[in-house]
Amino acid sequence: MSLKNSTRDTFAAFMCDDAALDILRAVAVDMGWASEKCHRGGLRNAIQSLSITASPNILMVDLSESGDPLNDINALAEVCEPGTVVIAVGQVNDVRLYRDLIASGIQDYLLKPLNPGQVRDALVQAQAIFTAPKSHDPSAVRKHMSMAVVGTRGGVGASTLATSLSWLFSTDHKLPTALLDLDVHFGTGALTLDLEPGRGLTDAIDNPSRIDGLFIERAMIRANDNLAILSAEAPINSPLMTDGSAFVQLEEEFRHAFEMTVIDMPRNMLINFPHLLADVNVVVLATELSLAGARDAIRLLSWLKSNAAHARPIIVANKIQPGANEISKADFEASIERKINFMVPYDIKGASNAAKLGQTFVAANRASKAGGVLRDIAHAVIGSVDEDGGTTADAGTDARKASLLGKFDLKKMLAKPKAKANA
Ligand SMILES: Nc1ncnc2c1ncn2[C@@H]1O[C@H](COP(=O)(O)OP(=O)(O)OP(=O)(O)O)[C@@H](O)[C@H]1O
Ligand SMILES: [Mg+2]
């Protein structure tokens, strides 16, 4: 919403004669609007006034003194902000004029002399139209969701989650989805789907100013009708040279072109470009159940709290093997002082199946237990973005007032080797 928009009046009227003005003032007051918003004057005055002030939500204009109403209405459209609902008033009873006015975007045409009931009905309807969702308007903001997947450690399955969730959003949830794989040198977003990454992401990094809707269309590779991927296999002798502006620009363009953005976010990228999480609704934190995983989950959760407090963290423990995890679920949860949201079983058959088929883990293993958990995660991500596009409150983080190394004594465990060495 522009600044000008936010100061818009609900209503304004420009009437040529006192009789019309009297009726309008009375109805306006009934509707809860100030009678001063009903001005003396016709279409020309409206145009003059709106060229220097913000347009109201609802505008009523008198065409009586206009020699060429259609032409003047077009001039009005030039100074009126999009979205304003315009009701015209006139004394010419001509169906052709009426039709032409409606075709030029006028909401209604009221014939003089006005009567209060007719004016009130028109205004009530105009108000309903103004507040209704404008689905026919392509420039209206589409709801957009955005999430990032970050691994607490290398190899914990962050990219597996990113590709699988993107796949689910684009197929089961029918959301036009963009997958942005920010592992620029070692990314597997394209490889997982048996696709060539192409030069799209590399070009974007080299030329951030070129990034626009058309660029996105050309540079992204299609995995299915609803899923487009931007990934790279940058040569490992060329270091990443960017200030991160390309990534911000990409996120911005995705907002217009897709309904869901999934970012595969390596930890080093999060350190170098923290602002990339500025607009993310959900962060899926992938982890293993290990001591190092717990330590880095603690550190990443605290980083998120101070750098992306608006984003809801969802903790996913992956590659879970009963009895074969370095630390138990209970100990892990005690140490990070919040619950693990989802546990994905270790499923080597599933992983090898996906590799063989050149499909995402979830697409290749729909019936498996791991596939079921991945579908639950996708639901949780979508469910945590409320109607306003905001994120539901996160109960887990707020209660964390006590020491980070509370119940499960991570400190003691970390100190053990030293103690041993000292002894
Ligand atoms: N639940 C699982 N069961 C078995 N294998 C898994 C599971 N999840 C992921 N894998 C496998 O683990 C390996 C690492 O996964 P992935 O590349 O997704 O991890 P990552 O966290 O993105 O790693 P990196 O730190 O390199 O970015 C892959 O070979 C993948 O197939
Ligand atoms: Mg990865």
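This text walks through a predicted model of one chain and its ligand, from the overall fold to single residues.

The chain contains 19 helices and 13 strands. Of its 423 residues, 40% are buried. Contacts between residues at least 6 apart in sequence are mostly long in range: 75% of them join residues at least 24 apart.

The interior can be taken next. The largest nonpolar core has 79 residues, and the members that touch the most others are Val283, Val284, Leu285 and Val316. Helix α7 gives this core its largest share, 7 residues. A second core, separate from that one, has 36 residues, among them Ala13, Phe14, Ile58 and Leu76. Within the largest core, valine 284 can serve as a point of reference. Apart from neighbours within four places in sequence, valine 284 is in contact with Met147, Val149, Leu161, Ile314, Val316 and Ile377. Val316, one of these partners, is also among the residues with the most contacts to other core members.

Helix α7 appears again at the ligand. Ligand 1 is surrounded by 19 residues, of which Gly154, Gly157, Ser159, Thr160 and Ala351 are the closest. Three elements each supply at least two residues of this shell: helix α7 (158–170), strand β12 (312–320) and helix α15 (348–357). The largest share is that of α7, with 3 residues. By class, the shell around ligand 1 has 8 nonpolar, 8 polar and 3 charged residues.

A helix pair shows how two elements of the chain pack. Helix α13, residues 291–307, and helix α14, residues 329–336, lie with their axes 9 Å apart and at an angle of about 35 degrees. The crossing of α13 past α14 is right-handed. On the α13 side the contact is made by Ala294, Ala297, Ile298 and Leu301, and on the α14 side by Phe332, Ser335 and Ile336. In this contact 6 residues are nonpolar, 1 is polar and none is charged.

The loop that follows α14 holds a backbone feature. Glutamate 337 lies in the loop between α14 and β13 (342–345). Its phi is positive, about 55 degrees, although glutamate 337 is not a glycine. Glutamate 337 counts as buried because it has 20 C-beta neighbours inside 10 Å, and 20 is the number from which a residue is called buried.

A second positive phi is found at lysine 174, where the value is near 55 degrees. Lysine 174 belongs to the loop between α7 and β7 (177–181). Here the surroundings are sparse enough for the residue to be classed as exposed, because 11 other C-beta atoms lie within 10 Å of lysine 174. The limit for that class is 12 or fewer.

Another backbone feature concerns a peptide bond. The bond from lysine 112 to proline 113 is cis, with omega near 0 degrees. Proline 113 sits in the loop between β5 (108–111) and α6 (116–131). These cases stand out because most residues other than glycine have a negative phi and most peptide bonds are trans.

Three further residues show how parts of the chain that are apart in sequence come together in space. Alanine 232 is in the loop between β9 (227–230) and α11. It is buried, since 24 C-beta neighbours lie inside 10 Å of alanine 232. Leucine 182 is 50 residues away from alanine 232 in sequence, and their C-alpha atoms are 8.1 Å apart. Beyond residues up to four places away in sequence, alanine 232 touches Val184, Gly187, Pro197, Leu201 and Thr202.

Phenylalanine 254 is in helix α11, residues 245–257. With 25 C-beta neighbours inside 10 Å, phenylalanine 254 is buried. Its C-alpha atom is separated by 9.5 Å from that of leucine 179, 75 residues away along the chain. Not counting residues up to four places away in sequence, phenylalanine 254 touches Ala178 and Thr261.

Asparagine 268 is in helix α12, residues 267–272. Asparagine 268 counts as exposed because it has 11 C-beta neighbours inside 10 Å. From C-alpha to C-alpha, asparagine 268 is 9.3 Å from aspartate 183, and the two are 85 residues apart in sequence.

Terms used:
Residues are numbered from 1 along each chain as its sequence is written. Chains are lettered from A and ligands numbered from 1 in the order in which they are written. This is a predicted model: local features need pLDDT of at least 70, side-chain atom pairs count only at pLDDT 80 or more; totals for chains, interfaces and linings use all residues. A residue is near a molecule or strand if its C-beta atom, placed from the backbone, lies within 6 Å of it. Helices (H or I, at least four residues) and strands (E, at least two) are DSSP runs, numbered from the N terminus. Ala, Val, Leu, Ile, Met, Phe, Trp, Tyr, Cys and Pro count as nonpolar, Asp, Glu, Lys and Arg as charged, and the others, Gly among them, as polar. Axes are lines fitted to C-alpha atoms, for helices over the stretch in contact, and angles run from 0 to 180 degrees between N-to-C directions. A crossing is left-handed if the near helix is turned anticlockwise from the far one by less than a right angle, and right-handed if clockwise. Two residues are in contact if their C-beta atoms, placed from the backbone, lie within 7 Å. A nonpolar core is a set of buried Ala, Val, Leu, Ile, Met, Phe, Trp, Tyr and Cys residues joined through C-beta atoms within 7 Å.
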